[in-house]
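Please look at the sequence and the model shown below. The paragraphs that follow go through the chain step by step.

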Amino acid sequence: MQTRFYEDSYKGINSIVLENDQIRAEWLPSNGAKLASLITKTPQGISSCCFNQSRLR
């Protein structure tokens with residue numbers, strides 16, 4: 001299982017993503033490193049959203 005670490009954007013805000021075959025987590029460094037999104041993945045490729053930051057301040 002390979003883990004990837006890269007920059008992306010979340011709702012127009014710069015983000016940092018940590019992702020592998022089982023999970024994808026996205027943080028917002030400019031917002032105090034808040035967790036923006038946490039998604040789990042199944043072997044079938046179907047994802048379920050565990051957490052999604054709906055309101056950003």
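Is Phe-5 buried or exposed? The model under discussion is a predicted one. Phe-5 belongs to strand 1, and its relative accessibility is 61%. A residue is called exposed when its relative accessible area is over 50%, so Phe-5 counts as exposed. Phe-5 also has company at the surface: together with Leu-18 and Trp-27, Phe-5 makes up a nonpolar patch. The accessible area of these three residues together is about 310 Å².

To place this patch in context, consider the chain as a whole. The protein chain has 57 residues, and 25% of them are buried. About 4100 Å² of the chain is exposed, and 52% of this area is supplied by carbon and sulfur atoms. The secondary structure consists of five strands and zero helices, which gives the pattern β-β-β-β-β when the sequence is read along its length. Contacts between residues can also be sorted by their separation in the sequence. Among the contacts in the chain with a separation of 6 or more, 11% are between residues that lie 24 or more positions apart.

The next matter is the arrangement of the strands. The five strands form an open sheet with antiparallel pairing, and their order in the sheet is 1-2-3-4-5. Strand 1, residues 4–10, and strand 5, residues 47–52, stand at the edges of this sheet. Each of these two strands has a single partner strand, and therefore one side of each is left without a neighbour in the sheet. On average, neighbouring strands of the sheet are turned by 20 degrees against each other, with direction ignored. As a general principle, the strands of a sheet pair through backbone hydrogen bonds, in either a parallel or an antiparallel manner.

The individual pairings may now be followed along the chain. Strand 1 pairs with strand 2, residues 13–19, in the antiparallel sense over seven bridges. Within this pairing, Arg-4 stands opposite Glu-19 of strand 2. Strand 2 in turn pairs with strand 3, residues 23–28, over four bridges, again in the antiparallel sense. Here Val-17 has Glu-26 in strand 3 as its bridge partner. Strand 2 and strand 3 form a hairpin, with three residues between them. Strand 3 is joined by six bridges to strand 4, residues 34–41, and these two strands run antiparallel. One position in this pairing is Arg-24, whose bridge partner in strand 4 is Ile-39.

The connections between strands deserve attention as well. The hairpin of strand 3 and strand 4 has five residues between the strands, and Gly-32 in this hairpin takes a positive phi near 70 degrees. Which value of phi does Ala-33 have? Phi of Ala-33 is near 60 degrees, a positive value in a residue other than glycine. Ala-33 is found in the loop between strand 3 and strand 4, and with a relative accessible area of 46%, Ala-33 is partly exposed.

A further positive value occurs in another loop. Lys-11, which is likewise a residue other than glycine, has a positive phi near 50 degrees. Lys-11 is located in the loop between strand 1 and strand 2. The relative accessibility of Lys-11 is 56%, so Lys-11 counts as exposed.

Note on methods:
Residues numbered from 1 in each chain as written. Predicted model: local features only at pLDDT ≥ 70, side-chain atom pairs only at ≥ 80, totals over all residues. Heavy atoms only, no water. Buried < 20%, exposed > 50% of the residue type's maximum accessible area, 1.4 Å probe, protein only. Contact = heavy atoms within 4.5 Å. Areas by Shrake-Rupley, 256 points an atom, 1.4 Å probe, with all protein chains shown as cover. Pairing = 2+ DSSP bridges. Axes fitted to C-alpha atoms, helices over the stretch in contact; angles between N-to-C directions. Patch = residues over 30% accessible without salt bridge, like charges linked within 9 Å, V, L, I, M, F, W, Y side chains within 5 Å. Salt bridge = Lys/Arg side-chain N within 4 Å of Asp/Glu carboxyl O.
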